[in-house]
Every structure is written in C-alpha cells, then in structure tokens.
Amino acid sequence: MSPLTQEITFRDLHVSDLARLAEWLNRPHLRRFYQFEPTTPEAVAAKYGAYIHGDAPSHSHLALLDGAPFGYLQCYRIADWPEWQAIVETTEGISVDLFIADPALIGRGLGRRMLAQYVEAVAFSLYPHERLCWIGHQLANVAARACSEACGFTAARQYLEDGRTYVLLVRGR
C-alpha cells in the first residue's frame, strides 16, 4: 500500500517509547537538522520524560502510519518558553517541531500530511485560544521548508539559534 493512502494518526508519547525515540534521534538523517549531537537513552528519558509527566510545558506525540510509529511531533505555547520567545521574537501562538524517523519515508508526501493534520487536529485543539502556529527550519533544510509551505506556512523572518541560521514560518488558524 502506498504511504499516501495509509492513515496517519497521533498518540501521546509514552515512557515505553523512550528507547525507540533515543534510537531514532541517533539516526544519521536526523543528526543533520534535528538532533545535532549523539544522545543517550538517559538524556532522552530526562528531556522527554519531563514532557510525558507534565513537568515541562510541551506536548509530545508519535505519528502512526496505519498504526505503526513513524514520526515524532511536539507542540507548545511560545509564552511558556521564555528562551524561545527571545530567539523567535514573539510571545504569541504555538510552535511545532517534528521529524520522520525512517529516511525511506521522506520525500513521499507524508511530512505534509503529518504536519497539516497535526496542526489542525492536535496542536490547535490543545491550545484553542491561540491563533498562530510557528515552525522553524534551518536555512539549508529546503525540503522541510517546502513541506511547511505546502501546509500553508509562510516565511516570517530568519533567526539564529546555537550559531545556525533558521527560517521562522507562520500560519494562522
């Protein structure tokens, strides 16, 4: 079956997913634009466990393709993360981060479907009073930017984070 006809759903990230997430984050294709340094299961458990247990103001989800995990997404209110506010120079709206874990699934239209569905069905539903959704991509990550633009995001400005240049994109509800 073609990935374009398979159903994409989302579920909360669970503690039982952390080993899988640690393995995903160390994959070479994610090291280029998402997870720049190698990580350990312990570091993943500390960071993402805080999201799972509600100790940090972020919601973490797995994307499922016909029930099988294939990607990770998270969303959060910008107002809840002062360091992020300073970097992106806004206090309004929500922000979304995501990746596809299997490089064989990249470039097949799943990213567009995953992002569009997540923003509407999950992110804006979790934050019903927010009207804007932001996403940032490294300037060199042309494919991710094209994916976001295909979902209705438009470039707002560039910003620097950890010495890397990013494009900040926004879309309304």
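This tour moves from the whole chain to its nonpolar cores, using a predicted model.

Begin with the entire protein in a cartoon view, where 6 helices and 7 strands can be picked out, arranged from the N terminus in the order β-α-α-α-β-β-α-β-α-β-α-β-β. The radius of gyration is 15 Å, close to the 16 Å that the globule rule gives for 173 residues, so the protein is as compact as a globular protein of that length. Along the principal axes, the C-alpha atoms fill a box of roughly 40 × 35 × 30 Å.

Next, switch on the surface, which comes to about 8,500 Å² of accessible area, with 53% of it belonging to carbon and sulfur atoms. If you then select the charged groups, the mean positions of the 16 positive and 19 negative charges lie 6 Å apart.

Now hide the surface and look inside, since buried residues make up 46% of the 173 residues. Select Phe10, Phe70, Val96, Met114, Leu115, Tyr118 and Phe153, which touch the most other members of the largest nonpolar core, a set of 36 residues. Among the elements that each supply at least two residues of this core are strand E1 (8-12), helix H4 (82-88) and strand E7 (164-172), while H5 gives the most, with 8 residues.

Centre the view on Phe10 and display its contacts: leaving aside residues up to four places away in sequence, Phe10 touches Leu62, Ala63, Leu73, Met114, Gln117, Tyr118 and Val122.

Finally, select Leu25, Leu30, Tyr48 and Ala101, which are included in a second, separate core of 17 residues.

Notes: Residues numbered from 1 in each chain as written. Predicted model: local features only at pLDDT ≥ 70, side-chain atom pairs only at ≥ 80, totals over all residues. Heavy atoms only, no water. Helix = DSSP H or I, 4+ residues; strand = E, 2+ residues; numbered from the N terminus. Rg over C-alpha atoms; globule rule 2.2 N^0.38 Å. Buried < 20%, exposed > 50% of the residue type's maximum accessible area, 1.4 Å probe, protein only. Areas by Shrake-Rupley, 256 points an atom, 1.4 Å probe, with all protein chains shown as cover. Lys, Arg positive; Asp, Glu negative; His and termini not counted. Charge placed at Lys NZ, Arg CZ, Asp CG, Glu CD. Core = buried A, V, L, I, M, F, W, Y, C linked by side-chain atoms within 4.5 Å. Contact = heavy atoms within 4.5 Å.
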